[in-house]
Amino acid sequence: MGAKRSMSVDPADSNATIDAESLSVLTANLSETARILFSAGGVRSTLEQVVAVAVHTIEGCDFAGLFLIEGDVVVTPVHTDPIVEEIDNLQRESGGGPCLDAIARRVMVYGEDLNSDARWPEFGPEAAERGIRSALALPLTTNGTNGAVNLYARYPAAFGVVDRGKGVILASLASVALSAAHSLEDEERRIENLHSALSSREVIGQAQGILMERERIAANQAFDVLRRASQYLNIKLREVAQTLVDTGERPETGPPDRHQR
């Protein structure tokens with residue numbers, strides 16, 4: 001009953017366990033990590049914070065980056081060092097590597113020693129030649145982003161079980177934070193579009209009023225003047241209206257519409 005309990009965190013290492021003290025270390029900075037990621041704001045800022053937090057909080061991590069699939073293109077939008085982009089390019093060129101496996105299988109993938117890992121016979125030795133011996137890839141689970149967090153180290157076996165546990169927590173928080181950031185940007189765009197639409201209606205209404213007063217025409221006739229000017233000048237209706245409001249000059253509408261009498 002009094003024996004200390006342990007928790008397995010990595011199915012690839014059945015002997016790896018976390019005791020109570022290590023578990024305390026694992027969760028000590030959880031709230032701070034969450035605060036940093038969720039206060040970043042937009043998607044780009046959140047991505048940048050993810051890689052910065054990875055290097056700062058995961059002891060074995062020397063370099064970090066995000067490997068994302070955007071349509072048919074694989075990109076590394078943020079990283080802590082140019083070597084990350086170089087190693088990611090090796091994965092793309094060879095068609096194999098821990099990050100590609102993590103994305104395809106939706107599981108954490110750990111390369112303890114890339115120089116001798118039989119899973120990536122082309123990528124691994126080339127990465128080792130460039131000074132990268134360990135890699136830990138953690139898939140992002142958000143619906144809005146298809147990719148993974150890539151952690152790289154100069155030494156083999158750099159990511160212990162605690163580091164891998166921290167990486168899993170970071171990737172989970174990053175996924176939720178990115179979903180929130182995407183939602184925030186979508187909402188900001190909706191608000192911006194709404195404001196733009198309301199502003200356009202107001203300016204067009206002002207222009208109509210000027211034409212109605214000056215030319216003693218009805219509202220629909222005033223709108224038709226603006227419409228024909230927009231088509232003739234090949235500029236947006238709102239721009240035609242804004243110019244009329246600003247200058248007071250009647251816009252050019254081109255030859256009379258033959259359908260009008």
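In this predicted model, strand β3, residues 63-70, is joined to β4 by three bridges, and the two run antiparallel. Within this pairing, Leu68 stands opposite Val75 of β4.

The β3-β4 pair belongs to an open sheet of five strands, arranged in the order β4-β3-β7-β6-β5 with antiparallel pairing. Strands of a sheet pair through backbone hydrogen bonds, in either a parallel or an antiparallel manner. The edges of this sheet are β4 (73-75) and β5 (109-111), each of which pairs on one side only. Between neighbouring strands of the sheet the average turn is 15°, with direction ignored.

Edge strand β5 also carries one member of an aromatic pair, Tyr110, whose partner Phe159 lies in the loop between β7 (146-153) and α7 (161-215). A pair of aromatic rings is described by the distance between the centres and the angle between the planes. For Tyr110 and Phe159 the ring centres are 6.1 Å apart and the planes stand at 85°; because plane angles over 60 degrees count as edge-to-face, the pair falls in that class. The two residues are 49 residues apart, so the pair links distant parts of the chain. The count of aromatic pairs comes to one.

Further along the chain are helix α8 (residues 219-233) and helix α9 (residues 237-247), whose axes come within 8 Å and cross at roughly 115°. Angles of 65 to 115 degrees count as roughly perpendicular, and α8 and α9 are therefore roughly perpendicular to each other. Their crossing is right-handed. On the α8 side the contact is made by Phe223, Leu226, Arg227, Ala229 and Ser230, and on the α9 side by Leu237, Val240, Ala241 and Leu244. By class, this contact of α8 with α9 has seven nonpolar residues, one polar and one charged. The charged residue is Arg227 and the polar one is Ser230, both of α8.

Key
Residues numbered from 1 in each chain as written. Predicted model: local features only at pLDDT ≥ 70, side-chain atom pairs only at ≥ 80, totals over all residues. Heavy atoms only, no water. Axes fitted to C-alpha atoms, helices over the stretch in contact; angles between N-to-C directions. Helix = DSSP H or I, 4+ residues; strand = E, 2+ residues; numbered from the N terminus. Parallel < 35°, antiparallel > 145°, perpendicular 65-115°, else oblique. Left-handed = near helix turned anticlockwise from the far one by under 90°. Contact = heavy atoms within 4.5 Å. Pairing = 2+ DSSP bridges. Phe/Tyr/Trp six-rings, centres within 6.5 Å; stacked < 30°, edge-to-face > 60°.
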